[in-house]
Each structure stands twice: as structure tokens, then as C-alpha cells.
Amino acid sequence: MSDEWVKIAAPATSANIGAGFDIFGIAFEGPCDIIEGRKTESGIRIVEVNGPGAESIPLDPDKNSVSIAAKEVLRRCNADFGIDIKITKGIRPCSGMGSSGASASGGAYLAHVLTGEKLSMNDLIICAAMAEGVTSGGFHADNVAPCLMGGFTIIRSNQPLDVMSVRPPERLGIVAALPDVLVPTKDARAVLPKEVALKDMVFHIGHASSLVYGMMSGDIDLIGRSIADAVIEPARAKLVPHIKEAEEAAKANGAISSCIGGSGPCILSLFDKDKTDGKAIAEAVRKVYSDSGMKCDTWITNCGLGCRRI
Ligand code: HSE
């Protein structure tokens, strides 16, 4: 048993990003889930959950993504101790901002720190993705990879896991807008088509490839031109009220591009920090919703470095 609480910040992320469904992700600097833990003799306990959406987070360690991920890290490290865990949600569930991915990543990273950082990044991502899979259904690492690695991430393959992170240009700013509607990922996956037309596949490969080039070369205009989605967003648009107006408002106020963040309802807008500070984008999107009597929270942030000890 130790009295020392180790504190981890696990950031929000956005998955998909235009044509990169289940492949691309990006880490935000914030908001973050805060995951705290201290060593105990044995067992994993969730002792406290606070923050937005806390009432829907299970305290049962076999159903909570923080503890499932932490337990898997302890198992892989043959650890001879347990952990008491406190969770402060900064990202509410069903937001499209990687809420369960942040919790799973924070749990994995916490246990990684407490066990002396013995696992590889790939193993940590697998522990977190496994935990997210248990709680949200289906193994996809496109939130936990950026949450743990930081930057803009590309998953070549889930099995075996092959993932890489690119540092986007410093000038790239992010506005995340979250209208007050819940979109569970499993509902957002249920509306997707089972097959894709060849012309859409060609469109996606072109846009996905040029987005990677834009991120690696720091070409902000190319990043803006490359974020487009002919398949996933059209199918999900009905789940996100006023999505088209919100995207148009963002673009009219300086965004280089806008898309559904993750599985929604987050609206992700990217901007060039040399041209705007993002405030007009955030305000314009918020106004689309307030004009319809809906609340919409906004964050202006940067691309982040992933989970860290604070
Ligand atoms: N890429 C997945 C989806 C996860 O869009 O369903 C989103 O967080």
C-alpha cells in the first residue's frame, strides 16, 4: 500500500478525420480525463468517479475501461500489487471526442507508470484498445493510439497492430464543438453501409493519402483540401443535428476544414493559427445550435502529445 497518488492526464482525441475511417486519429491538448491511482496490496478498485457523465461510468472494475486496461497492464508485467483508482471525467461519454478511449488509455498509462514503464507503446495501445473494445464494442485503436502516442496517428493494421504517429504542423489549431446530444458509437456504426462503391474507394484513398502528405510536409492548405468523406459522414449526418450548417459556419469563419469528430456528435474544425485564433469558428458553430435552442460546448485547442503524468 502506498499513500502516493500518481496522476495522469489522458486527452480527448478525434478519430476518422475525413477519409480515414477507423484509421486516422488526432490527439488534442485538452480537455483531458484525469486518472489517479495508488498501489495497494492486491485487486483493482474504482474508489471515485467525478465530472461530466460520471453517473454513467460503472464502478465495477470488470466493466470500467480504466480498470480493465490497468489490469491488463498489471497482468502483462506480472505485477504483485493492486491499484485504487479515482477518475475525473473531462470528456463526457457519447461525444465523439474519445471519452472511453481517454479513460482506457489513462488506465493503461497509469498502470504503466506504477509498474516502472516496462511495456512498449504497441503493447500499451493493445491493452487500452482491448479495454475500450469491452466497454464500447469492437476493437478499434483509432482513439487510444493518438491518446497514448500524441500527434496525428495512422493505423495500418489492427492485427498485428501497426500504428505510427506524425507531428502535425505547429500552425494547426483545433476547434471541437459538442452539441448537447448523445451519439453512442454502436448506434453510429449501425447506420454505416456494408459495401462501398469503387468510385468512393478511389476518392477516399486519394484524400487519405494527401492528408498524410499534408500532415508530414506541414502543408496546411493541403490538409484542408484533403479532409472529405464520401461514405461515413453522409451516412451519419442524420445523427448530428444541424451538421451541415455547423460545418458551413465554421468554414465561413476561418476553418480550413470541418467534419464529424469520431462517431459524433462532435464537430471538428481545423484552422491555420497564422490566420485566425479559432474564436470566430467556435462562436459561429455555437450560434448555429443556440439559434435552435440547443447548448453546444466548444474547445479551442492544439494537437497534443498524448497521455502524460501531471
Ligand atoms: N472510428 C470509430 C467510429 C470510433 O467512427 O465508429 C470513433 O470514436
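Colleague: In which sense do strand 7 and strand 9 pair, and over how many bridges?

Modeller: The model is predicted, and what follows is computed from it. Strand 9 covers residues 267-272, and one of the facing pairs is Gly 173 with Phe 271 in strand 9. The sense of the pairing is antiparallel, and the count of bridges is 6.

Colleague: Which residue in strand 10 stands opposite Ala 176?

Modeller: Strand 7 also pairs with strand 10, residues 296-302. That pairing is antiparallel and runs over 7 bridges. Opposite Ala 176 stands Trp 299.

Colleague: How many residues of strand 7 are buried?

Modeller: Strand 7 spans residues 172-179. On one side Leu 172, Ile 174, Ala 176 and Leu 178 are buried, and on the other side so are Gly 173, Val 175, Ala 177 and Pro 179. Both faces are thus covered, and the count of buried residues is 8 of 8.

Colleague: Which residues are around the ligand?

Modeller: The ligand takes up the space of the largest pocket. The residues around it are Asn 16, Phe 21, Asp 22, His 140, Asp 142, Asn 143, Thr 185, Arg 189, Arg 236, Gly 262 and Ser 263.

Colleague: How much of the area that the ligand exposes when taken alone does the protein bury?

Modeller: Start with the polar atoms: a side-chain atom of Asn 16 lies 2.7 Å from a ligand oxygen, and a side-chain N or O atom of Asp 22 is 2.6 Å from a ligand nitrogen. A side-chain N or O atom of Asn 143 is 2.7 Å from an oxygen atom of the ligand. Taken alone the ligand exposes 260 Å², and the share of that buried by the protein is 97%.

Colleague: Is Ser 263 buried or exposed?

Modeller: Ser 263 is in the loop between strand 8 (255-260) and strand 9. Its C-alpha atom is 5.0 Å from that of Gly 96, although the two are 167 residues apart along the chain. The cut-off for burial is under 20% relative accessible area. Because the relative accessibility of Ser 263 is 11%, this residue counts as buried.

Colleague: What distance separates the C-alpha atoms of Ala 15 and Val 202?

Modeller: Ala 15 is in strand 1, residues 6-15. With a relative accessibility of 3%, Ala 15 counts as buried. Along the chain, Ala 15 and Val 202 are 187 residues apart, and their C-alpha atoms are separated by 21 Å.

Colleague: Why is strand 5 said to be largely enclosed by the rest of the structure?

Modeller: Strand 5 covers residues 152-157 and includes Ser 157. Ser 157 counts as buried because its relative accessibility is 11%. For the strand as a whole, the enclosure follows because the number of buried residues is 5 of 6.

Colleague: What lies 3.3 Å from a polar atom of the side chain of Ser 157?

Modeller: Ser 157 is found in strand 5. The atom at 3.3 Å from its side-chain polar atom belongs to a backbone, and is the nitrogen of Gln 159.

Colleague: How many residues lie between strand 5 and strand 6 in the hairpin they form?

Modeller: Strand 5 has antiparallel pairings with strand 2 (residues 24-40), over 3 bridges, and with strand 6 (residues 162-166), over 5 bridges. In the pairing with strand 2, Phe 24 stands opposite Ile 154. In the pairing with strand 6, Ile 155 has Val 163 as its bridge partner. The number of residues between strand 5 and strand 6 in the hairpin is 4.

Methods
Residues are numbered from 1 along each chain as its sequence is written. This is a predicted model: local features need pLDDT of at least 70, side-chain atom pairs count only at pLDDT 80 or more; totals for chains, interfaces and linings use all residues. Side-chain values use heavy atoms; hydrogens and water are left out. Buried means under 20% relative accessible area, exposed over 50%, partly exposed in between (1.4 Å probe, protein chains only). Helices (H or I, at least four residues) and strands (E, at least two) are DSSP runs, numbered from the N terminus. Two strands pair if DSSP finds at least two bridges between them. A residue is near a molecule or strand if one of its heavy atoms lies within 4 Å of it. A polar contact is a pair of N or O atoms within 3.5 Å; within protein, one must be able to donate a hydrogen and the other to accept it, and residues adjacent in sequence count only if both atoms are side-chain atoms. Accessible areas come from the Shrake-Rupley method with a 1.4 Å probe; for residues, only the protein chains shown count as cover. On a 1 Å grid over the protein atoms alone, a cavity is a set of points where a 1.4 Å probe fits but cannot get out, and a pocket is an open set with protein on both sides within 12 Å along at least five of seven lines; lining residues have an atom within 4 Å of a point. A molecule sits in a cavity or pocket if more than half of its atoms lie within 2 Å of its grid points.
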